[in-house]
Amino acid sequence: MKIIKRINIFLINLILILGLCACDKPTTLPLTDEDYDTSQNVTTFIYSDTCIISNHNQAAGEITFQNLDTGLRYTLSYNNLTYFNDKYGKSLVAKQVSNGEICDITFDREAKQLKTLDISDKYFTISGVDSFNFYNSATRMEYLGDKYDLDDNVVVCSSKEEISVLEIAEGDSITIHGFDHTIYSITQDNGHGFVSLTNDDYFIGGFIEIGKDIRVITEDMVITVPEGEHSINISKDGSSGVKKVTVGRNQEVELDLSDIEIKELFGNITFTITPSEATLFIDGKRVDNPDRPQRLECGVHEMIVRADGYQTLSRYISVGTMDAELNIKLDKLSDVADKDKKDDKESSDNQPNSNNNTNTGTNNDNTTNKPENDTNKDNDSNNKDKQDIDNPGDAIAPPNQYNTKVYIDAPVGAELYLDGNYVGVVPTSFVKTSGSIVITLRKSGCQTRSYTINLEDIQNDSHYTFSELLILTD
């Protein structure tokens with residue numbers, strides 16, 4: 001019995017010991033190797049990247065990044081636990097981080113959560129860039145004598161939207177980000193809008209002056225202007241006015257000219273012409289009695305003087321409000337032939353007397369002379385003279401010997417303007433000339449857009465297709 005009792009006591013104690021050991025196991029045994037691997041799996045989802053901010057949506061607390069090397073994009077969210085720093089390591093708030101910045105980031109890939117964002121100090125940032133020039137199909141840029149290549153995946157931002165490089169216009173101010181001489185992103189800091197004219201019938205053929213940009217007013221013109229406030233001068237002959245306007249980015253403002261007072265001012269000019277049998281034309285119209293004072297509206301007029309056996313004289317004259325006399329002496333064709341045989345210096349010392357006193361008014365700066373080669377053309381035939389009268393600008397326009405054109409294929413139905421002048425409705429085309437041009441697309445109910453294109457090769461036709469215009473909402 002004693003033996004059985006001892007066995008029972010041993011079994012009871014054994015059961016108690018085993019129960020206590022079972023309760024203490026979670027807190028007393030160390031973590032296994034497997035447990036350590038599990039804890040480290042959390043850090044394997046933290047990644048780093050060098051990228052460009054292509055879109056910062058502050059309202060949603062999200063940033064879209066573009067990998068600097070591959071161009072691949074992804075969107076991450078951020079919160080109060082996300083750290084932002086500038087290139088000097090100083091803390092930033094989220095709203096100080098803008099599109100186009102090149103940055104180093106860390107993020108939780110599984111949660112798509114941004115952990116840290118540091119503006120990179122390895123890449124340059126140049127602000128206030130203007131007087132730049134894009135060329136080579138907008139793949140290169142020149143600024144202050146330095147030439148930069150645009151990365152194949154360059155990010156171009158304007159305010160809260162992405163745009164094309166071609167939508168950056170002369171007069172815009174931009175910030176560029178890059179490394180060495182490669183640009184990875186461009187931010188349009190100050191953009192442009194558009195000005196169109198209404199009730200402008202009288203002023204067609206006059207001048208519009210916006211800052212340093214002075215151009216002839218044409219029918220249905222749309223002018224690209226820098227965003228901001230402008231004092232715009234409108235003038236024709238003796239009538240002029242100043243219109244103040246504020247232009248927003250990508251906004252079109254209509255300028256009503258109906259309230260500009262039209263003043264018709266005239267001046268009297270007396271012509272003394274040698275030989276006396278010469279015929280005088282003013283603005284393409286023959287003057288019947290050129291020896292009498294001619295009453296002409298103030299402004300610029302085209303004058304042509306022609307006589308058999310003499311070299312035709314063709315030039316512009318400026319008429320002011322004062323009475324004036326103009327002495328004209330034509331050169332005989334035989335004398336001109338003799339002069340052609342002499343050297344350039346002797347020819348320059350024997351200019352025709354009619355080159356003197358061409359300004360018949362008070363506006364000296366407005367006197368404009370046609371090039372001498374255009375004057376020589378007037379001797380070829382009466383047809384050429386007529387062309388010079390009707391289209392004085394044609395004689396100095398650069399010719400396109402290849403007869404090539406620029407074709408605009410889309411957006412269909414949009415009005416096309418070339419350097420502010422109306423061309424037609426897309427699809428349409430125009431003669432191709434070398435140099436920089438501004439194409440403006442306009443459509444009722446849509447946002448007007450412009451594109452600056454540098455045409456370098458005029459030997460071949462060019463085709464352009466632009467995106468559909470953004471529909472305006474109330």
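**Contacts, salt bridges and cysteines in a predicted chain**

Leaving aside neighbours within four places in sequence, Asn85 is in contact with Lys90, Ser91, Leu92, Leu117, Asp118 and Ile119. These contacts, like every other value reported here, were computed from a predicted model. Asn85 belongs to strand 4, which covers residues 83-85, and its relative accessibility of 18% places Asn85 among the buried residues, since buried means under 20% relative accessible area. With one of the residues in its list of contacts, Asp118, the side chain of Asn85 also makes a polar contact, side chain to side chain, at 3.0 Å.

The chain as a whole provides the setting for such local details. Its secondary structure comes to six helices and 35 strands, and of its 474 residues, 39% count as buried. Among contacts between residues at least 6 apart in sequence, 58% join residues that are at least 24 apart. The exposed area of the chain is about 27900 Å², of which carbon and sulfur atoms supply 48%.

Charged side chains were examined next. Side chains of opposite charge can pair when their charged atoms come close. In this chain, the count comes to nine salt bridges. One of them is formed by Arg73 and Glu162, whose closest N and O atoms are 2.6 Å apart. Arg73 lies in strand 3 (residues 73-77) and Glu162 in strand 12 (residues 161-162), so this salt bridge ties together parts of the chain that are 89 residues apart in sequence. Both partners are partly exposed, Arg73 with a relative accessibility of 41% and Glu162 with a relative accessible area of 37%.

A salt bridge also joins the side chains of Arg442 and Glu252, with a distance of 2.7 Å from N to O. This pair links distant parts of the chain, as Arg442 is found in strand 33 (residues 435-442) and Glu252 in strand 21 (residues 252-256), 190 residues apart. Glu252 has a relative accessible area of 28% and is therefore partly exposed. Another salt bridge is made by the side chains of Arg140 and Asp149, at 2.8 Å from N to O; here Arg140 is partly exposed, with a relative accessible area of 27%, and Asp149 is likewise partly exposed, with a value of 35%. In addition to these pairs, Glu161, Glu167 and Arg449 are linked in a network of salt bridges.

Two of the arginines named above, Arg442 and Arg449, reappear among the contacts of Leu469. Not counting residues up to four places away in sequence, Leu469 touches Pro411, Ala414, Leu441, Arg442, Lys443, Cys446, Gln447 and Arg449. Leu469 is located in the segment after strand 35 (462-465), and, at 9% relative accessibility, Leu469 counts as buried. The C-alpha atoms of Leu469 and Arg442 are separated by 8.0 Å, although the two residues are 27 residues apart along the chain.

The cysteines were then considered for possible bonding. The count comes to zero disulfides. Cys51 takes part in no disulfide, and the nearest cysteine sulfur, that of Cys103, is 4.2 Å away. Because a disulfide requires a pair of cysteine sulfur atoms within 2.5 Å, the 4.2 Å between the sulfur of Cys103 and its closest cysteine sulfur, in Cys51, is too far for a bond. Both residues are buried, as Cys51 has a relative accessibility of 0% and Cys103 has a relative accessible area of 0%.

On the surface, finally, a nonpolar patch of about 270 Å² is made by Phe207, Ile214 and Val216. Phe207 is part of strand 16, which covers residues 207-210, and, with 39% relative accessibility, Phe207 counts as partly exposed.

How values were computed:
Residues numbered from 1 in each chain as written. Predicted model: local features only at pLDDT ≥ 70, side-chain atom pairs only at ≥ 80, totals over all residues. Heavy atoms only, no water. Buried < 20%, exposed > 50% of the residue type's maximum accessible area, 1.4 Å probe, protein only. Patch = residues over 30% accessible without salt bridge, like charges linked within 9 Å, V, L, I, M, F, W, Y side chains within 5 Å. Areas by Shrake-Rupley, 256 points an atom, 1.4 Å probe, with all protein chains shown as cover. Salt bridge = Lys/Arg side-chain N within 4 Å of Asp/Glu carboxyl O. Helix = DSSP H or I, 4+ residues; strand = E, 2+ residues; numbered from the N terminus. Polar contact = N/O pair within 3.5 Å; in protein donor to acceptor, adjacent residues only side chain to side chain. Contact = heavy atoms within 4.5 Å.
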